[in-house]
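Please examine the sequence and the three-dimensional model shown here. The paragraphs that follow lead through selected residues and their surroundings.

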Amino acid sequence: MSLDSCRPSFSLGTESRYQRLLEAAPDAILEIDSSGKIVLINSQVEKLFGYRREELLGEVVEILIPERFRKRHPAHRAGYCAHPVIRPMGSGLDLWARRADGTEFAVDINLSPFSGESGLGVICVIRDVSDRKAVEEQVRLLNLSLEQRTRELATTNAELENRNLEVEKANRRKSNFLATMSHELRTPLNVIIGFSDLLAEQTAGPLNQKQRQFVSHIKESSRHLLALVDDILDLSKIEAGHLELKYESFSLNTAASEVLATVRPLAEAKQIQLETEFPEEITMFADNLRLKQVLYNLLTNAIKFTSEKGNVCLITESERAFVKLSVIDTGVGIPYEEHESIFEAFHQVSTTAPRSHEGTGLGLSITKLLIEQHGGRIWVESEPGMGSRFHVTLPLKTNS
């Protein structure tokens with residue numbers, strides 16, 4: 001029995017219906033006979049390839065293939081005819097088609113064997129995938145670019161990591177150097193201060209007024225230099241991670257009162273009203289000595305930058321698991337753009353107001369580091385001519 005005898009017979013109405021379905025298909029559809037000639041096309045073929053129907057019917061299918069592939073294509077057709085199955089054409093390959101004007105475009109082709117009137121034929125369903133291929137190419141290029149950027153970023157990160165290690169080593173060397181030099185400087189300075197005190201007491205004989213004045217300058221300058229050395233030593237210890245906090249439970253009110261007793265003469269010398277607000281008794285678990293250092297730095301700074309007959313106030317209050325310390329003054333104030341930089345080492349506040357004595361520029365930097373080492377934070381609210389309000393929050397119970 002021949003294949004033709006197995007084909008169902010269709011009425012004209014049925015054939016017309018199938019013809020309409022063929023024309024309505026969204027893809028280009030061709031029927032190719034066993035010799036490779038085009039025997040049937042739908043209207044999408046005309047639209048896709050730019051040929052009129054009569055120009056294609058009877059032509060070999062290679063007319064729709066780019067010239068560089070035409071010589072090999074008959075062998076591919078013969079291979080398919082030897083093993084006719086439903087499958088994509090050129091699976092895994094990039095397929096190209098050629099329009100009447102010679103332009104080429106990417107396609108997907110699905111093949112189906114078909115028993116036609118002249119023997120075995122092939123139904124080809126062709127879809128233009130130029131847009132999809134363009135998107136895929138863009139994605140490929142983007143992936144290549146991303147891979148390249150990733151490699152570059154990895155290289156940059158490695159370089160930065162090496163640089164950071166070098167910076168850390170340099171910082172440690174610097175801190176160790178400062179610590180060593182600070183220790184070496186303290187001994188001769190203490191000797192100078194000691195002998196200056198002896199001279200001032202006139203134990204070795206009386207001094208005239210000019211000599212007493214010279215000795216006073218020596219003592220003042222030596223103590224100022226010693227304070228600078230102590231600040232540098234503290235800063236280097238903190239930065240090198242060598243400063244160990246000694247935690248203990250103590251009364252914040254008592255610690256604050258002791259600091260106030262120390263700075264009160266400084267305030268009285270400028271007729272500054274030194275006020276306090278301790279609403280309640282507060283017990284802390286922290287380094288007592290370092291907390292006093294924090295209070296001392298903030299209060300002496302406030303007194304330093306407050307004009308005569310001004311006001312400085314220390315307020316303590318508990319807020320759940322934290323304590324808040326506020327030092328408020330009526331001094332010269334700090335420009336907004338310096339609210340962060342004042343906590344940097346050696347920074348001096350920009351102000352046109354005369355200074356009664358210069359500072360080292362390390363007090364606030366050390367204060368900030370000590371507060372952060374306790375797990376707290378410090379910030380300032382201020383503007384020129386309106387005074388300053390330094391606020392500190394510290395945990396009531398710090399994990400040592």
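Leaving aside its neighbours within four places in sequence, with which residues is Ile303 in contact? In this predicted model, the partners of Ile303 beyond that sequence window are Val263, Leu266, Ala267, Lys270, Ile272 and Val312. Ile303 itself belongs to helix α9, which spans residues 288–304. Its relative accessible area is 3%, and Ile303 is therefore buried, the cut-off being under 20%. Ser341 lies 38 residues from Ile303 in sequence, and the C-alpha atoms of the two are 20 Å apart in space.

The nonpolar cores may be considered next. The largest of them has 43 residues, and Met284 and Phe390 are the members with the most contacts inside it. A second core, separate from that one, has 23 residues, among them Leu48, Tyr51, Leu56 and Ile109. For Met284, contacts beyond four places in sequence are made with Glu248, Ser249, Phe250, Leu252 and Leu291, and also with Val323, Leu394, Pro395 and Leu396.

Phe390 also takes part in an aromatic arrangement. Searching the whole structure yields three aromatic pairs. One of them joins Phe343 and Phe390 in an edge-to-face geometry, with 6.3 Å from centre to centre and 85 degrees between the planes. The angle qualifies as edge-to-face because it is over 60 degrees. This pair links distant parts of the chain: Phe343 is in the loop between β11 (322–329) and α10 (363–373), whereas Phe390 is in strand β13, 47 residues apart. Phe343 has a relative accessibility of 8% and so counts as buried; Phe390, at 8%, is likewise buried.

Strand β13, residues 388–395, also contains Ser388. Is Ser388 buried or exposed? Its relative accessibility is 4%, so Ser388 counts as buried. The side chain of Ser388 is joined to that of Ser382 by a polar contact of 2.9 Å. Not counting residues up to four places away in sequence, Ser388 touches Val327, Ile328, Asp329, Gly333 and Ile334, together with Val380, Glu381 and Ser382. Ser382 thus appears both in this list of contacts and as the polar partner of Ser388.

A further interaction involves a charge and a ring. The charged end of Arg377 is placed over the ring of Trp379, at 3.9 Å from the ring centre.

Key:
Residues numbered from 1 in each chain as written. Predicted model: local features only at pLDDT ≥ 70, side-chain atom pairs only at ≥ 80, totals over all residues. Heavy atoms only, no water. Helix = DSSP H or I, 4+ residues; strand = E, 2+ residues; numbered from the N terminus. Buried < 20%, exposed > 50% of the residue type's maximum accessible area, 1.4 Å probe, protein only. Polar contact = N/O pair within 3.5 Å; in protein donor to acceptor, adjacent residues only side chain to side chain. Contact = heavy atoms within 4.5 Å. Phe/Tyr/Trp six-rings, centres within 6.5 Å; stacked < 30°, edge-to-face > 60°. Lys NZ or Arg CZ within 6 Å of the ring centre and 35° of its normal. Core = buried A, V, L, I, M, F, W, Y, C linked by side-chain atoms within 4.5 Å.
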